[in-house]
Amino acid sequence: MRLGSLVRISEHNDNEGYSDWRERKLKIIHVAKNRSEHPGYDEGVGGLLFDLRDAKTGEVCPFSLYEYELEEA
């Protein structure tokens with residue numbers, strides 16, 4: 001996954017707060033690898049943290065997700 005990739009929230013991610021976004025195709029609009037690149041980055045989780053936008057409507061997703069929470073669309 002990289003900037004511009006289309007993704008979906010993983011079916012294995014059971015966070016109820018993501019319900020409104022679960023079926024949407026999302027575009028990666030920012031990729032962070034550390035806290036200096038994103039204030040919400042958790043060094044304990046590690047990996048890549050993505051900011052997302054609905055690929056159809058352009059609406060910006062109100063939360064960021066880590067790579068393990070997503071799957072390719």
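Modeller: Two strands pair if DSSP finds at least two bridges between them, and strands themselves are DSSP runs (E, at least two residues) numbered from the N terminus. We're looking at a predicted model: local features need pLDDT of at least 70, side-chain atom pairs count only at pLDDT 80 or more, and totals for chains, interfaces and linings use all residues. Residues are numbered from 1 along each chain as its sequence is written, and side-chain values use heavy atoms, with hydrogens and water left out.

Biologist: OK, which strands are the edge strands?

Modeller: The sheet is open, with five strands in the order 4-3-2-1-5 and antiparallel pairing. An edge strand here pairs on one side only, and that describes strand 4 (65-66) and strand 5 (70-72).

Biologist: Which residue of strand 2 does Leu6 stand opposite?

Modeller: Strand 1 (residues 6-9) and strand 2 (residues 26-32) are antiparallel partners, joined over two bridges. Across from Leu6 you'll find Lys27.

Biologist: And which residue in strand 5 stands opposite Arg8?

Modeller: Strand 1 also runs antiparallel to strand 5, with three bridges joining them. There, the residue opposite Arg8 is Glu71.

Biologist: Which side chains along strand 1 are buried?

Modeller: In a regular strand, side chains alternate between the two faces of the sheet. Buried means under 20% relative accessible area, exposed is over 50%, and partly exposed is in between (1.4 Å probe, protein chains only). Leu6 and Arg8 point to one face and aren't buried, while the buried pair on the other face is Val7 and Ile9.

Biologist: Which strands each supply at least two residues of the largest nonpolar core?

Modeller: A nonpolar core is a set of buried Ala, Val, Leu, Ile, Met, Phe, Trp, Tyr and Cys residues joined through side-chain atoms within 4.5 Å. The largest has 12 residues, including Val7, Ile9, Leu26, Ile28, Phe50 and Leu52. The strands that each give at least two of its residues are strand 1, strand 2 and strand 3.

Biologist: Which residues form the aromatic cluster?

Modeller: Rings of Phe, Tyr and Trp (its six-membered ring) pair if their centres lie within 6.5 Å. Searching the whole structure turns up four such pairs. The cluster consists of Tyr18, Trp21 and Phe63.

Biologist: How many residues apart in sequence are the parts that Arg24 and Asp54 tie together?

Modeller: The whole structure has two salt bridges (a side-chain nitrogen of Lys or Arg within 4 Å of a carboxyl oxygen of Asp or Glu). In one of them, the closest N and O atoms of Arg24 and Asp54 are 3.2 Å apart. Arg24 sits in the loop between strand 1 and strand 2 and Asp54 in strand 3 (residues 49-54), so the pair ties together parts whose separation in residues is 30.

Biologist: Is Asp54 buried or exposed?

Modeller: Arg24 is partly exposed because its relative accessibility is 22%. Asp54 has just 7% relative accessibility, so Asp54 counts as buried.

Biologist: Which residues do the salt bridges join into one network?

Modeller: Arg24 also meets Glu59 in a salt bridge (3.0 Å, N to O). Glu59 lies in the loop between strand 3 and strand 4, 35 residues from Arg24. Through shared partners, the salt bridges make one network of Arg24, Asp54 and Glu59.

Terms used
Phe/Tyr/Trp six-rings, centres within 6.5 Å; stacked < 30°, edge-to-face > 60°. Helix = DSSP H or I, 4+ residues; strand = E, 2+ residues; numbered from the N terminus.
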